[in-house]
Amino acid sequence: MSVLKIALLQISPCGDERQNAIKGEKYCRMAKELGADIALFPEMFSCGYNIAYTPREEWKAVAEGGQFLQTFSALAAELEMAIGITFLENAGGEFANTFALYDRFGKPALRYRKAHTCDFDVERNLVRGEGFEVCDLDTAAGKIKTGAMICLDREFPESARVLMLRGAELILVPNACPMEINRLSQLRARAFENMTAIATCNYPSGVPDCNGHSTVFDGIAWRDEGDMCILEAGEEEGVFCAALDIGKLRAYREEEVHGDAYRRPKLYSDIVGTKTEAPFVRGDARR
């Protein structure tokens, strides 16, 4: 593998699950026409992340019903393009903020539930994920070790760190919030410190509390040609593509000092156990 083309589908939802599937399929086809090997959607696209405006007792009616995922599994196989789709999952009467990644044959490669739910808001009603997994994603450009974070997960350095330690070369991040300099800096830091490419897809401006600025950081900090940020979209709706040089990233990871090269895990015991009773920790979050 040398170059992997990643398409960020920075698009707004347009109604119910069926309408969103139709629009999502249209934009996946556009991504394929642009030569994409992977297409990534914003957070909880099946329902347009509308749970903040929908009573919990009505969530079952807007949760993914099976056909939505089948649409994108079949589409991935048809287009020979990996697809990362997002949805509100009905988890046996409970609900989860979930990401499904299909390889170029339409086979499930990764299923991930958001681990760091926004428990200070409506997401307190969601089931949280209990781990970070990495898959060998089969793309038309070759296999790449891939993991996922969802929105708030990126604000915890441990999320990307665990994925790096499990071998991730690429982290896919569905998102739904304003991407301003501080959050963009978090993504840059996660890519820098782990020597890992990070692709984030946000909703465009016009979707409540979102503003576009989807990004790809390639994880290669030290080089003559400059910035790790190889793509930053504007605020408008569209398909935004970045070419990730996997060969260069792998060579860089072999040579440079970040990631796992010189870590001293025995010194980090305070961050791997249960939470402390530090005075700055908010009460309900201490669990």
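Reader: What covers the buried residues of α4?

Author: This is a predicted model. In it, the cover over the buried residues of α4 includes β7 (142–148), β8 (170–174) and α5 (181–194).

Reader: Which residues of α4 are buried?

Author: Buried means under 20% relative accessible area. In α4, residues 157–165, that applies to Ser159, Ala160, Leu163 and Met164.

Reader: Why are they on the same side of α4?

Author: Look at the arc around the axis. They cover only 130 degrees of it, so they are on the same side of α4.

Reader: What follows α4?

Author: Gly167 does. Its phi is positive, near 105 degrees.

Reader: Now the sheet. What is the order of its six strands?

Author: Read across the strands, not along the chain. The order is β5-β4-β3-β2-β1-β12. The sheet is open, and its pairing is mixed.

Reader: Which are the edge strands?

Author: An edge strand here pairs on one side only. The two are β5 (108–113) and β12 (238–245).

Reader: How are neighbouring strands turned against each other?

Author: By 25 degrees on average, with direction ignored.

Reader: How many bridges join β4 to β5?

Author: Five, and the two strands run antiparallel. β4 spans residues 94–102. One pair to find is Tyr102 with its bridge partner in β5, Pro108.

Reader: Which strands does helix α3 touch?

Author: Helix α3 (residues 67–79) packs on the sheet against β3 (82–91), β4 and β5. Its direction makes about 165 degrees with that of β3.

Reader: And which strands does helix α6 touch?

Author: Helix α6 (residues 246–255) also packs on the sheet, touching β1 (3–10) and β12. The angle between the directions of α6 and β12 is about 50 degrees.

Methods: Residues numbered from 1 in each chain as written. Predicted model: local features only at pLDDT ≥ 70, side-chain atom pairs only at ≥ 80, totals over all residues. Heavy atoms only, no water. Pairing = 2+ DSSP bridges. Helix = DSSP H or I, 4+ residues; strand = E, 2+ residues; numbered from the N terminus. Axes fitted to C-alpha atoms, helices over the stretch in contact; angles between N-to-C directions. Contact = heavy atoms within 4.5 Å. Buried < 20%, exposed > 50% of the residue type's maximum accessible area, 1.4 Å probe, protein only. Arc of directions from axis to C-beta.
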